[in-house]
Amino acid sequence: MKKRRYLAAALLLAGAMAFTGCGNEKKEQAADAKEGNEEASLDEIQEEGSSSHDNALDFKVGDYVELGDYKKLKVQYPIPEVTQEDVDFAVQEALEEHTEYKEITGRPAQNGDTINIDYTGVLDGEAFDGGSDTDYEFTLGEGEFLDEFEQGLIGKNANEATTFPVTFPEDYDEELGGKTVEFTATINKISEANVPEYTDEFVAKVSDYTTKEEYEKYIKEDLLAAGEAEAISAAGEEALGLAVENATVEGYPQELYDFYYDETIVGYQSFAEMFGMEYEEFMEQMGDGAVEEAALAQVNEFLVAQAIAEKEGLAVTEESYQEEAKALMEENEYESMEDFEADFGKISIITQLVRGKVVDFLYENAEIEKVSQEEYYDSGEEDNEEEGTEDAQSEEDAEEEDGEGTDGEITDGRRSEEDLNDVLDVNGTDGTDSHLLDTEPHDSTEEIHGEETHGDPAHEEENHSSAQ
């Protein structure tokens, strides 16, 4: 994890969840401006029905925050790097996006076919958690499942039920390692993929360019621009974290805390669903007090951000809200402000606007050290190793006292912050996770299953989370 990272992975993503696709869930589940400002204050922006916490921003930030240093903070900017491999990956994504599938009815499934299946796994006569799914689609031969599972499907026709055993590797996990599971599967549909050839003609058809060279140049420039935006965001986030560390925060507005508390629950519910887990199970992995800690950290962060915004003339006003919220609306691909506000509420929109403006301001006023990607992330790993030595020793001592534990792993089933960072993908990793029928051992509670996630035998796929 990057050194001096302010928030843990789950906290960052819970805070950003308002703008990563769960607006409808939020709608269903769940401040004064700078003194002397002649424009409308934040509480005047709120309207009936905009949020369940209409008074969350109705407070004087000076009652809670004494700012420390927040300018000229020393932060690192990871210089964006775009390799030919990155470009090739983008090209492959374009080819996959324009791949056409033709349903096959005259023959059984074979390697290379894309099939849609229902399946149920039975262990010792009983169906087990994570061993079943319906309408799951994957391509035979790509190694997304254990080979023994895929072989049980090859040669089978659509609408033909088949039962076959699958023996899991010895070192798979505690529950399934070395055991034989009986799977019953039905192929719902068999399709052949018609992948387009990567030619100048293809490029002209799907883009504004006429040659592969022009297209790849565009891709590289586009990836570089995205990388620059991410690097700026990373440096700005680091600056905000340091500003919070340097500030003195005493107490908080209860309504603001309640708002972030509910936001965190909505975010965690979304992650639980994404990982194919019940909310209670997900929270067991997060640990006791996770919601409270995440909510309080977000409260402190926003209080400091709001204090900076007021001091630097960045506070959200009625006039600035209309323009800036519209830009945020378009960024999140909404067509009307009415729908955008209905899904997220003005409180969430305003807090995101304030936070974004302050992060940009802190970046612009920071002392930037440009470093390579390797140096940026490697330095964080070194810091983590140093900071985690004492904790690791404590865990080892505890395991020795209990007479339990294997290879230094936590034995109570709770994920560490590092585990969550890897799963939730906020540290520059690709978020790839192993699954029940993959060839590698893993924690079966961490499956990521395509666009949606389920706690079942699934394939390896990258899960890129974006946090604004």
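1. A good place to start is Asp124, which is exposed, with a relative accessible area of 70%. Please keep in mind while reading that this is a predicted model. Asp124 sits in the loop that links β4 (114–123) to β5 (126–139). Its backbone deserves a look too: phi of Asp124 is near 55 degrees, a positive value in a residue other than glycine. As background, most residues other than glycine have a negative phi.

2. Asn159 is worth viewing next. Its phi is near 65 degrees, again a positive value in a residue other than glycine. Asn159 belongs to the loop between α5 (147–151) and β6 (161–167). With a relative accessible area of 65%, Asn159 is exposed; the cut-off for that word is over 50%.

3. Now to the charges on the surface. Which residues form the negative surface patch? They are Glu197, Asp200, Glu201, Glu213 and Glu214. Two helices, α6 (200–206) and α7 (212–246), each supply at least two residues of this patch.

4. Within that patch, I would pick out Glu214, which is placed in helix α7. Is Glu214 exposed or partly exposed? Its relative accessible area is 38%, so Glu214 counts as partly exposed. Patch residues need over 30% relative accessible area, and the 38% of Glu214 fits that requirement.

5. To recap for your own viewing session: Asp124 lies in the β4 to β5 loop, Asn159 is in the loop between α5 and β6, and the negative patch draws on α6 and α7.

Note on methods
Residues are numbered from 1 along each chain as its sequence is written. This is a predicted model: local features need pLDDT of at least 70, side-chain atom pairs count only at pLDDT 80 or more; totals for chains, interfaces and linings use all residues. Side-chain values use heavy atoms; hydrogens and water are left out. Patches are made of residues with over 30% relative accessible area and no salt bridge: like charges are joined within 9 Å, nonpolar side chains (Val, Leu, Ile, Met, Phe, Trp, Tyr) within 5 Å. Accessible areas come from the Shrake-Rupley method with a 1.4 Å probe; for residues, only the protein chains shown count as cover. A salt bridge is a side-chain nitrogen of Lys or Arg within 4 Å of a carboxyl oxygen of Asp or Glu. Lys and Arg count as positive and Asp and Glu as negative; His and the chain ends are not counted. The place of a charge is taken as NZ of Lys, CZ of Arg, CG of Asp or CD of Glu. Helices (H or I, at least four residues) and strands (E, at least two) are DSSP runs, numbered from the N terminus. Buried means under 20% relative accessible area, exposed over 50%, partly exposed in between (1.4 Å probe, protein chains only).
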